Amino acid sequence: MFRDEHADPGALRGTTVAILGYGLLGRPLALNLRDTLEARVIVGSDDDPSSRQARDDGFHVTTLAEAAAEADVALVLVPDEVQPAVLARIAPRLRARTLLVFASGYALANGLVVPATDLDVGLFAPRMGGDAIRERFLAGRGYLSYVGVEQDVTGTAWTRLLAIAAGAGSLRQGALEMSAREEAVLDLYVEQACGPWLGAAILSAFHVGVEAGLSPLGLLLEMYLSGEMSETFSQMARDGFLASSRAHGYAAAFGGMTRTFAIDREGMAAHMREVLTEIENGGFARALQDEFEAGYPCRAFIEQVIGEDDLLSRTEAVFRAM
Amino acid sequence: MPVRPPAQPPEFLMNGVGGDEVSALMGRVIERLDGRLDPDQRRQLAAAMPAILWEFPDTGARVQLVATPAALCCVSAGDAPSLVVRMPLGTLHDAAFGRCSLAASFLAGRITVRGMSPTRLREFILLVDPLLESFREAAREHSSPAAPAPDVS
């Protein structure tokens, strides 16, 4: 595990660090790095609202290509599917020996970008959402991340990468070494194998309970609105996944364990293997790139489901208005 | 807080229409759907999911849509479909006639699509509106069949 003591805080002194993309991850990382590094931190963005936000935050803002041209270290913080197009635009402007840092291994792992051989290439992938990255930094706490060097032509890639991870506030907690390929597969696999089952469990429990006459608000409070469930996840991280069940009393362990035996784990595992195969063989990446290149034809459908004014969403609104 | 009731069977189901008639109805739906897709859409569908099995657990009907670049056709359930769509016929009826949204039905667990993956979502979405329009036409026709020919003997 890399921690603050493994990083050289002066490694980027006097250099220019370009934040390419000022969205969910770009903004908190830019703010953290500006607060810690003895370097010039600039923002590259071709998106109007993001550029305006960065200017309001006091950054020198220019286009992605101009920022890349000035960079000694360039952090690629645009969405996964957009990275190939952005890299194609900025590649001719990147100077030799620049350290190109990706916050996700997706594009590298799927061969969607192939950085020039005169660049250093690294991965700094926070395991934390953007808002929490800034909040934890301001509170003096760290967050976990993955770091890795994919290409080191200068011999300084690790030193510069760890200076970025430390400056962004991650090494107060720690960073694990990981390749871009492994990070990409892990990230997508957990999102697509675990996330849907958790989501489907909550939706099904809600609708079955409502049909049986249970209170919609009571169901949502039990499952997530009260914050008890997020506290349980914190307990899992702190005390252990299995051991945390002791904190809920014997009735919870007796009932929960018994019911888990009865779940069709074979079917669940088969679905997860299919998901993993499609991620590992590049099928998911091809679908996502097709979706991007066609102008996001599925987005309206996905937004319609997310924005559906169904009983669950109406119940949440009732709770928020209380 | 009001709770939306489960989808009611469509009127023609309540009048005693069973699985065979549902299969016949779906055959007409798929004929109309075929007419609504352009050659490019048909080609995309045939490449992404050449066989879609529809299961309607409230009627026992199972109908398979087979897509080729030339045409769509309806067959009784066959082997190895690319997707299996399972939903009550009542839900399809209510969505087609604007009484419920497919999104809400999906969230409530009334629709499952086995075999769905990110590589197929686009082609599946392509089908939804034309399918609902086709179902609406076919269901209206089924509920109000043409008047019998007058007796001229």
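**View 1. A nonpolar patch on the surface of chain A.** In this predicted model, Met1(A), Leu144(A) and Leu176(A) together make a nonpolar surface patch of about 250 Å². If you want to find Met1(A) along the chain, look in the segment before β1 of chain A. Met1(A) has a relative accessibility of 47%, so this residue counts as partly exposed.

**View 2. Strands β1 and β2 of chain A, side by side.** Here we turn to strand β1, residues 16–20 of chain A, which runs parallel to β2(A) and is joined to that strand by five bridges. For a landmark within the pair, pick out Ile19(A), which stands opposite Val43(A) of β2(A). Between the two strands the chain passes through helix α1, residues 26–36 of chain A, and this β-α-β crossover is right-handed.

**View 3. The cover over strand β2 of chain A.** Strand β2 spans residues 40–44 of chain A and is mostly covered. How many of its five residues are buried? Four of the five are. As a reminder when you follow the side chains, those of a regular strand alternate between the two faces of the sheet.

**View 4. From β2 to β3 in chain A.** Strand β2(A) also pairs with strand β3, residues 61–62 of chain A, in the parallel sense and over two bridges. A handy pair to look for is Gly44(A) with its bridge partner in β3(A), Thr62(A). Helix α2, residues 48–56 of chain A, completes the picture: with β2(A) and β3(A) it makes a β-α-β unit that is right-handed.

Key:
Residues are numbered from 1 along each chain as its sequence is written. Chains are lettered from A and ligands numbered from 1 in the order in which they are written. This is a predicted model: local features need pLDDT of at least 70, side-chain atom pairs count only at pLDDT 80 or more; totals for chains, interfaces and linings use all residues. Side-chain values use heavy atoms; hydrogens and water are left out. Buried means under 20% relative accessible area, exposed over 50%, partly exposed in between (1.4 Å probe, protein chains only). Two strands pair if DSSP finds at least two bridges between them. A crossover is right-handed if, with the strands pointing away from the viewer, the path from the first strand over the helix to the second runs clockwise. Patches are made of residues with over 30% relative accessible area and no salt bridge: like charges are joined within 9 Å, nonpolar side chains (Val, Leu, Ile, Met, Phe, Trp, Tyr) within 5 Å. Accessible areas come from the Shrake-Rupley method with a 1.4 Å probe; for residues, only the protein chains shown count as cover. A salt bridge is a side-chain nitrogen of Lys or Arg within 4 Å of a carboxyl oxygen of Asp or Glu.
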